[in-house]
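Visitor: I am new to reading protein structures, and I would like to learn how to go from strands to bound molecules one feature at a time. Could you show me the model and walk me through it?

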Amino acid sequence: MPLHLVEHPLVQHKLTMLRDKETGPKEFRELVEELALLLTYELTRDLPLVEVEVETPLARTKGRMVRGERVSVIPILRAGLGMLGGVLKLLPAARVGHIGLYRDPETLEPVQYYGKFPPSLAEGGPAIVLDPMLATGGSAAAAVDLLRRRGARDLRFMCLVATREGIERVEKHHPEVAIYAAAVDPGLNEHAYIVPGLGDAGDRLFGTR
Ligand code: PRP
Ligand code: URA
């Protein structure tokens, strides 16, 4: 599945503001939400539509609508939570699941501590996984593994900053998953942080360290 790199000027503008180390938690949260909304527009381009009848003030006509309640949105805790509001602004009827994962600082492998999922996941509708950072790809691959075991089929991964290495790890294990990103950065530092990246997304969102 090809990477969908969203190079829209508004996305690049907001991403640059997000990267700035002077951007504080309030503005950081607002930008993450706005970026998620803009990426949702791209990610939903091929959602199926159903024909419906609608009555305008003048006449009865046919229209087409998205079955939002068939869509599952799954933020990876914590940082994925920052993206949820932006996605739900465009898909207010979507059902929401949560996956709790943290990276073990020694092994850098993901450790799961929470999982709760809506029935829409196993019903096979589009499932959108949210995490601003796709670094080594370990967390994304673990989340996709888990969701597939729960019955998800049409999986899409939305992040803000990715690395080639992270994308390759997800593609290797799950070639069917569409990845949407605002940027692909050159690499990782010795602590597996994306460089230049935007730092620790969870800490910047929630003001922790
Ligand atoms: C961050 C980020 C991803 C993961 C990416 O979460 O939000 O989930 O690291 O790294 P990977 O691609 O190498 O797996 P973190 O483990 O820092 O947890 P947090 O969101 O609770 O801060
Ligand atoms: N998690 C983050 O929050 N930032 C990175 O650069 C890598 C993992």
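Guide: Gladly, and please keep in mind from the start that this is a predicted model. Let us begin with strands and how they pair.

Visitor: How should I read an open sheet, and which strands stand at its edges?

Guide: The idea is to write down the order of the strands and then to look for those that pair on one side only. In this structure there is an open sheet of 3 strands in the order β9-β11-β13, and the pairing is parallel. Its edge strands are β9, residues 133-134, and β13, residues 183-185, since each of these pairs on one side only.

Visitor: How many bridges join β11 to β13?

Guide: Strand β11, which covers residues 161-163, is joined to β13 by 3 bridges, and the two run parallel. To find the register, pick a residue and look across: threonine 163 stands opposite aspartate 185 in β13.

Visitor: Does β6 run parallel or antiparallel to strand β7?

Guide: For any such pair, one compares the directions of the two strands and then counts the bridges. β6 and β7, the latter spanning residues 110-116, run antiparallel and are joined by 6 bridges, and within this pair histidine 98 has lysine 116 of β7 opposite to it. β6, residues 98-103, has a further pairing with strand β4, residues 72-77, and here the sense is parallel, over 2 bridges. Isoleucine 76 has isoleucine 99 in β6 as its bridge partner.

Visitor: What do β2 and β3 form?

Guide: These two form a hairpin with 4 residues between them. Strand β2, residues 49-55, runs antiparallel to strand β3, residues 60-66, and 7 bridges join them; you can look for valine 52, which stands opposite glycine 63 in β3.

Visitor: Which residue takes a positive phi in the hairpin of β6 and β7?

Guide: The general idea comes before the case: most residues other than glycine have a negative phi, and most peptide bonds are trans. In the hairpin of β6 and β7, where 6 residues lie between the strands, leucine 108 has a positive phi near 65°. Leucine 108 belongs to the loop between those two strands.

Visitor: Where is the peptide bond from leucine 77 to arginine 78 found, and is it cis or trans?

Guide: One reads this from omega, and for the bond from leucine 77 to arginine 78 the value is near 0°, so that the bond is cis. As for its place, arginine 78 is in the loop between β4 and α3, the latter being residues 81-90. Another cis bond, also with omega near 0°, leads from valine 195 to proline 196, and proline 196 is in the loop between β15 (194-195) and α6 (201-206).

Visitor: Now to the bound molecules: which residues come nearest to ligand 1?

Guide: A good habit is to look at the surrounding residues, then at the polar contacts, and then at how much of the molecule is covered. Around ligand 1 there are 13 residues, of which Arg78, Arg103, Asp131, Thr136 and Ser139 come nearest. By class, the shell holds 6 nonpolar, 4 polar and 3 charged residues. Oxygen atoms of the ligand take part in several contacts: one lies 2.5 Å from a side-chain N or O atom of threonine 136, one is 3.2 Å from a backbone N or O atom of alanine 79, and one is 2.9 Å from a backbone N or O atom of glycine 137. Of the 500 Å² of accessible area that ligand 1 has on its own, the protein covers 89%. Ligand 1 sits in the largest pocket, and the elements giving two or more residues to its shell are β6, β9 and α4 (138-149).

Visitor: How many nonpolar residues are in the shell around ligand 2?

Guide: That shell divides into 6 nonpolar, 1 polar and 2 charged residues, and among its members are Arg103, Met133 and Tyr193. An oxygen atom of ligand 2 lies 2.8 Å from a backbone N or O atom of isoleucine 194, whereas a nitrogen atom of the ligand is 2.9 Å from a backbone N or O atom of glycine 199. A polar backbone atom of alanine 201 lies 2.8 Å from an oxygen atom of ligand 2. Taken alone, ligand 2 exposes 240 Å², and the protein buries 87% of that. Ligand 2 sits in the largest pocket.

Conventions. Residues numbered from 1 in each chain as written. Chains lettered and ligands numbered in written order. Predicted model: local features only at pLDDT ≥ 70, side-chain atom pairs only at ≥ 80, totals over all residues. Heavy atoms only, no water. Pairing = 2+ DSSP bridges. Near = heavy atom within 4 Å. Polar contact = N/O pair within 3.5 Å; in protein donor to acceptor, adjacent residues only side chain to side chain. Areas by Shrake-Rupley, 256 points an atom, 1.4 Å probe, with all protein chains shown as cover. 1 Å grid on protein atoms, 1.4 Å probe; cavity = no way out; pocket = protein on both sides within 12 Å on 5 of 7 lines; lining within 4 Å. Sits in = over half its atoms within 2 Å of the grid points. Nonpolar A, V, L, I, M, F, W, Y, C, P; charged D, E, K, R; others polar.
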